[in-house]
Amino acid sequence: MRGIAGALLLARGRAEGVMAFAPTLAEARASFVAALLCLPIFLLLRGIGGADSAAGADPVRALAADVIAYVCSWVGFALASLPLAHAMGRRALWPRLVAAWNWVNLVQYLVLAGFTLPVLLGLSGLVADALGLAAIGYALWLQWFTARAALGVNGVRAAGFVLLDLVIAVFLSGLVVRLSLP
């Protein structure tokens, strides 16, 4: 519950939300329960977006590839962010970043799912596109704000963590497409 409470504070732009996360490896490890909570939402969102999957993709392989990429993205960001935090002189705060980042992902997934509901109800066009863009913009801002608050770094350095996450996501998305094909 402490993780969710901290994430909700961060989601509202309140930097004190990071104080809910101790800068310990145990805290970082425990925060990966957020990945389990996000998995059903991820699968729902992937199912909704299934119409844009690669032509000729095997649905079983696509699902397996999605789940593998999902796990790799959570673990990959945590591992790849360690040398970046170390290079910034913030190695001691890295576990706090991982814990806060993991829990704000739950907020991001809920926001993305919420902004997808109008599309499921038949809304299309400019309004649906604007809602999707707003959800993505908010998710990027929340990652940036979380990195900034958790590590006590400036905005440019915090943007480096957002960029790292985006690079991992784009790489894994390409890999999912390749693995989905028979």
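**Exercise 1. Place serine 180 and list what surrounds its side of the chain.**

Solution. Start with burial. Serine 180 has a relative accessible area of 5%, so it is buried (under 20% is buried, over 50% exposed, and partly exposed lies in between, with a 1.4 Å probe and protein chains only). The model is predicted: local features need pLDDT of at least 70, side-chain atom pairs need pLDDT 80 or more, and totals for chains, interfaces and linings use all residues. Residues are numbered from 1 along each chain as its sequence is written, and side-chain values use heavy atoms, without hydrogens or water.

Next, the element. Serine 180 sits in helix H7 (helices are DSSP runs of H or I with at least four residues, strands are E runs of at least two, both numbered from the N terminus).

Then the distant partner. Alanine 62 is 118 residues away along the chain, yet the two C-alpha atoms are separated by 4.3 Å.

Last, the contacts (heavy atoms within 4.5 Å). With neighbours within four places in sequence left aside, serine 180 meets Ala57, Asp58, Arg61, Ala62 and Ala65.

**Exercise 2. Describe the largest nonpolar core and find its main contributor.**

Solution. First the term. A nonpolar core joins buried Ala, Val, Leu, Ile, Met, Phe, Trp, Tyr and Cys residues through side-chain atoms within 4.5 Å.

The largest such core has 46 residues. Leu10, Leu97, Tyr109 and Phe161 touch the most other members. Six helices each supply at least two residues: H1 (2–11), H3 (33–48), H4 (59–87), H5 (94–120), H6 (126–151) and H7 (155–180). H5 gives the most, with 12 residues.

Now take leucine 10. Beyond its neighbours within four places in sequence, its contacts include Ala15, Val18, Phe21, Val104, Trp141 and Phe145.

Repeat for tyrosine 109. This residue lies in helix H5. Tyrosine 109 is buried, at 14% relative accessible area. Residues up to four places away not counted, tyrosine 109 touches Cys38, Ile41, Phe42, Leu45, Tyr70 and Trp74. Proline 40 is 69 residues from tyrosine 109 in sequence, and the C-alpha to C-alpha distance is 9.8 Å.

**Exercise 3. Classify the ring pair of phenylalanine 77 and tryptophan 101.**

Solution. State the rule. Rings of Phe, Tyr and Trp (its six-membered ring) pair if their centres lie within 6.5 Å; planes under 30 degrees apart are stacked, over 60 edge-to-face, and the rest tilted. The rule gives 6 aromatic pairs.

Apply it. The two ring centres are 4.1 Å apart and the planes meet at 15°, so phenylalanine 77 and tryptophan 101 are stacked. Phenylalanine 77 belongs to helix H4 and tryptophan 101 to helix H5, 24 residues apart.

Check burial. Phenylalanine 77 is buried at 2% relative accessibility. Tryptophan 101 is buried too, with a relative accessible area of 2%.

Finish with the cluster. Phe42, Tyr70, Trp74 and Tyr109 form one aromatic cluster.

**Exercise 4. Find the salt bridges and say which partners are buried.**

Solution. Apply the cut-off: a side-chain nitrogen of Lys or Arg within 4 Å of a carboxyl oxygen of Asp or Glu. The whole structure holds 3 salt bridges.

- Arginine 2 and glutamate 27 meet at 3.1 Å, N to O. Arginine 2 is in helix H1 and glutamate 27 in helix H2 (residues 25–30), so the pair ties together parts 25 residues apart in sequence. Arginine 2 is partly exposed at 47%; glutamate 27 is buried at 14%.
- Arginine 46 and aspartate 66 meet at 3.0 Å, N to O. Helix H3 holds arginine 46 and helix H4 holds aspartate 66, so this pair links parts 20 residues apart in sequence. Arginine 46 is partly exposed at 42%, while aspartate 66 is buried at 11%.
- Glutamate 16 and arginine 14 have their closest N and O atoms 2.6 Å apart. Glutamate 16 is partly exposed at 40%, and arginine 14 is partly exposed at 36%.

**Exercise 5. Map the nonpolar surface patch.**

Solution. List the members: Ile136, Leu140, Leu163, Leu166 and Val167, covering about 420 Å². Patch residues have over 30% relative accessible area and no salt bridge; like charges are joined within 9 Å, nonpolar side chains (Val, Leu, Ile, Met, Phe, Trp, Tyr) within 5 Å. Areas come from the Shrake-Rupley method with a 1.4 Å probe, and for residues only the protein chains shown count as cover.

Assign the helices. H6 and H7 each supply at least two residues, and H7 gives the most, with 3. Isoleucine 136 lies in helix H6 and is partly exposed at 47%.
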